[in-house]
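Colleague: Could you take me through the ligand site in this one, slowly? I'd like to hear what sits around the ligand and what the backbone is doing there.

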Amino acid sequence: MRSLIPADPSLPPAEFDLHGHYAHDWIEQGGVRANFVASIDGAATTAGLSRGLQTPGDNRVFAALRDLADVVLVGAATAQAESYSPARPSTERAATRQRYGLRPAPAIAVVSASLSVDLSTPLFRGADPEHPTLVVTGSSGPISRRTDIVDLASGPDLAPGSVALIDAGSTPNGDVDLVAAVAQLTELGYRRILCEGGPRLLGSATARGVVDELCLTVSPMLVGPGGSRIVAGPDWSADLLPQLRLVGLLEEDDALFCRYRIQR
Ligand SMILES: NC(=O)c1ccc[n+]([C@@H]2O[C@H](COP(=O)([O-])OP(=O)(O)OC[C@H]3O[C@@H](n4cnc5c(N)ncnc54)[C@H](OP(=O)(O)O)[C@@H]3O)[C@@H](O)[C@H]2O)c1
């Protein structure tokens with residue numbers, strides 16, 4: 001991998017410090033960083049998943065961004081489609097995290113208004129206090145589902161602190177209030193929030209103004225008509241369209257790894 005921005009021709013590509021590139025202006029200040037991959041023609045999925053767009057470099061960027069996060073924020077649909085489970089970094093990756101002053105593993109936080117998350121999956125059953133799963137919700141979910149989650153969290157099958165429900169309240173349209181959600185996560189010590197999607201969550205979070213940074217892999221392929229985009233949901237008003245500033249650009253095997261700051 002080579003860095004185009006900032007350019008450093010003196011550094012052989014093999015010695016490029018991927019973690020250092022993404023840790024700069026992030027570890028100290030924290031915030032919300034989104035990570036997505038798209039094809040050249042703007043598709044966010046092939047055959048319903050992002051997997052077909054990924055490259056070896058994208059997989060390393062994905063891992064490095066996780067290594068630098070306190071919590072991974074993910075929409076309920078992506079958590080299900082991509083079979084999310086608690087993040088369990090290798091010893092080497094846990095050591096990298098420790099060097100940056102982070103806990104050994106990031107928590108996973110699933111955003112769901114309906115609370116129709118499958119509590120029988122490894123994401124919940126495999127959680128423990130070191131690798132917790134959080135459910136971030138609003139006020140519109142059925143009481144019975146809240147009870148199911150609270151029962152699981154406090155029941156005999158899981159150690160205390162493995163699963164938690166974060167009630168962020170709702171916006172007038174019934175969405176989870178992502179401004180309050182980010183404030184609560186930050187309050188709980190999750191200062192570096194990595195949003196891994198999907199498009200509905202990114203659309204909603206960006207529209208609420210909580211996304212500080214977008215890390216976008218541009219995969220060197222055309223997918224053709226029919227692919228989805230990296231944002232979905234209701235249209236944004238014209239006065240809301242954010243401007244982005246390119247603060248980092250890497251290249252490997254014809255894929256581009258863009259790091260944009262969202263201007264306020
Ligand atoms: N290209 C990429 O980088 C990339 C990244 C991630 C995912 N993906 C792909 O994207 C697809 C899934 O994306 P998606 O857009 O359909 O779904 P998504 O954003 O992953 O999840 C949508 C769900 O999350 C919950 N949610 C999100 N924002 C919310 C908000 N503000 N308030 C309340 N609930 C909220 C809702 O769950 P409830 O219905 O439970 O209320 C909603 O139905 C998958 O195919 C995945 O492979 C691609």
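Modeller: A word on naming to start with: helices and strands here are DSSP runs, with at least four residues for a helix and at least two for a strand, and they are numbered from the N terminus. Keep in mind, too, that this is a predicted model.

With that naming, glycine 198 falls in the loop between strand E7 (192-195) and H8. That's a good place to begin, as the peptide bond joining glycine 197 to glycine 198 is cis, with omega at about 5°. Glycine 198 also touches the ligand through its backbone: one of its polar backbone atoms is 2.9 Å from a ligand oxygen. Carry on along the chain and you get to proline 199, where a polar backbone atom lies 3.3 Å from an oxygen of the ligand. Then comes arginine 200, with a backbone N or O atom 2.7 Å from a ligand oxygen. As for burial, the ligand on its own would expose 910 Å², and the protein buries 86% of that.

Now step back to the whole shell. There are 26 residues around the ligand, and the closest are Ala44, Gly48, Thr78, Glu82 and Val176. Three elements each put at least two residues into that shell: strand E2 (31-39), helix H3 (76-81) and helix H8 (199-207). Which of them gives the most? That's H8, with 4 residues. Proline 199 and arginine 200, from the backbone contacts above, both fall within the H8 range of 199-207. As for the space itself, the ligand sits in the largest pocket.

Strand E2 spans 31-39, so to speak a handy link to one side-chain detail: the charged end of arginine 33 sits over the ring of tryptophan 26, 4.2 Å from the ring's centre. If you were hoping for ring-on-ring pairs as well, the count of aromatic pairs comes to 0.

While we're on backbone geometry, two other spots are worth a look. The peptide bond from isoleucine 5 to proline 6 is cis as well, with omega near -10°, and proline 6 lies in the loop between strand E1 (2-5) and helix H1 (18-23). Leucine 115 has a positive phi, near 60°, in a residue other than glycine. You'll find leucine 115 in the loop between strand E4 (107-111) and helix H5 (122-125).

Note on methods
Residues numbered from 1 in each chain as written. Predicted model: local features only at pLDDT ≥ 70, side-chain atom pairs only at ≥ 80, totals over all residues. Heavy atoms only, no water. Phe/Tyr/Trp six-rings, centres within 6.5 Å; stacked < 30°, edge-to-face > 60°. Lys NZ or Arg CZ within 6 Å of the ring centre and 35° of its normal. Near = heavy atom within 4 Å. Polar contact = N/O pair within 3.5 Å; in protein donor to acceptor, adjacent residues only side chain to side chain. Areas by Shrake-Rupley, 256 points an atom, 1.4 Å probe, with all protein chains shown as cover. 1 Å grid on protein atoms, 1.4 Å probe; cavity = no way out; pocket = protein on both sides within 12 Å on 5 of 7 lines; lining within 4 Å. Sits in = over half its atoms within 2 Å of the grid points.
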